[in-house]
Amino acid sequence: MSNVITEQLTRVGQQIEHDCFAIVDAEAGIHQYTHSQWQVVRRMIHATADFEFNGLTRFHDRAIEAGLVAINRSAAIVADVEMICVGLSQPRLSHFGMKTYHFIADDVVIAQARAENTTRAVQAMRKAKQNGLLDGAIVAIGNAPTALLEVERMIKEEGVKPALIIGMPVGFVSAAESKEAVSHIDSVPWIITNGRKGGSTLVVAAIHAVLALAEAAQKTT
């Protein structure tokens with residue numbers, strides 16, 4: 001039985017998506033992921049046509065479980081950039097009572113970044129914390145390594161505890177390093193991509209995959 005909320009809205013769209021997933025499954029071949037983890041990875045491959053994410057994608061042992069619990073609790077999604085919020089399906093989020101937040105373009109954030117000679121992304125994560133949004137949230141970072149490093153710092157130094165980090169910043173300065181730093185955190189589950197590759201498209205795909213897993217789980221209860 002197909003998902004109603006987290007799949008394409010027309011039969012043609014559903015068939016195309018299912019055919020794409022079948023091609024990904026066939027061409028990817030053997031992989032080391034669990035069934036649930038593969039639902040995330042193959043949707044990331046589907047979104048980018050890049051099979052290197054079969055291997056580049058890493059999961060904390062409790063990542064999928066933590067994501068499902070957060071979704072069922074209508075957790076906030078705190079993103080580093082607006083692109084993630086725009087890319088996420090509002091009907092899918094609404095089904096689970098979820099809202100998205102980003103502060104990258106906030107005037108106070110911009111002013112504070114200039115005053116402290118930091119990045120907007122750092123200050124945006126600090127504002128999310130000040131607004132009480134980070135604890136229990138799904139933190140979604142696809143663009144700014146400094147945002148991911150700041151969340152990692154706040155977890156270690158300030159006791160911040162998101163429900164799940166989806167950390168996939170893309171780039172050449174600190175992108176790989178920020179994800180490696182998060183991979184050493186055990187207290188907060190995470191999904192990351194190794195190395196320079198990443199991006200908001202991947203984060204959106206990963207979240208949509210976990211939403212689909214959550215909807216499928218609802219049908220069995």
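**Overall fold, internal cavity and helix H2**

Of the contacts in the protein with a separation of 6 or more, 69% join residues that lie 24 or more positions apart. The structure under analysis is a predicted model. Its secondary structure comprises eleven helices and six strands. The radius of gyration is 17 Å, close to the 17 Å that the globule rule gives for 221 residues, so the protein is as compact as a globular protein of that length. The C-alpha trace spans about 55 × 35 × 30 Å along its principal axes, and 50% of the 221 residues count as buried.

The empty space within the model was examined next. A search of the whole structure returns one cavity of 30 Å³ or more, and the largest cavity holds about 40 Å³ of space. The residues lining the largest cavity are Gly67, Ile71, Ile138, Leu164, Ile166, Ile207, Val210 and Leu211. Two or more of these lining residues are supplied by each of helix H4 (63-72), strand S5 (164-167) and helix H11 (200-219). H11 provides the largest share of the lining, with three residues. In terms of residue class, the lining of this cavity consists of seven nonpolar residues and one polar residue, with no charged residues.

Open sites were considered as well. The second largest pocket contains about 170 Å³ of space. Its lining is formed by Arg62, Glu65, Ala66, Val69, Ala70, Arg73, Ala75, Gly136 and Ala163. Classified in the same manner, the lining of the second largest pocket has five nonpolar residues, one polar residue and three charged residues. Charged residues are thus present in the lining of the second largest pocket, whereas the lining of the largest cavity has none.

Among the individual elements, helix H2 was characterised in further detail. H2 covers residues 35-48, a run of 14 residues. The distance from its first C-alpha to its last is 20 Å, close to the 20 Å expected at 1.5 Å a residue. The buried residues of H2 are Gln37, Trp38, Gln39, Val40, Val41, Arg42, Arg43, Met44 and Ile45. Two arginines, Arg42 and Arg43, are included in this buried set, as are the glutamines Gln37 and Gln39. Just after H2, Ala49 adopts a positive phi of about 55°.

Definitions and conventions: Residues numbered from 1 in each chain as written. Predicted model: local features only at pLDDT ≥ 70, side-chain atom pairs only at ≥ 80, totals over all residues. Heavy atoms only, no water. Helix = DSSP H or I, 4+ residues; strand = E, 2+ residues; numbered from the N terminus. Expected span 1.5 Å × (residues − 1). Buried < 20%, exposed > 50% of the residue type's maximum accessible area, 1.4 Å probe, protein only. 1 Å grid on protein atoms, 1.4 Å probe; cavity = no way out; pocket = protein on both sides within 12 Å on 5 of 7 lines; lining within 4 Å. Points joined across faces, edges and corners; volume = space filled by probe spheres on them. Nonpolar A, V, L, I, M, F, W, Y, C, P; charged D, E, K, R; others polar. Rg over C-alpha atoms; globule rule 2.2 N^0.38 Å. Contact = heavy atoms within 4.5 Å.
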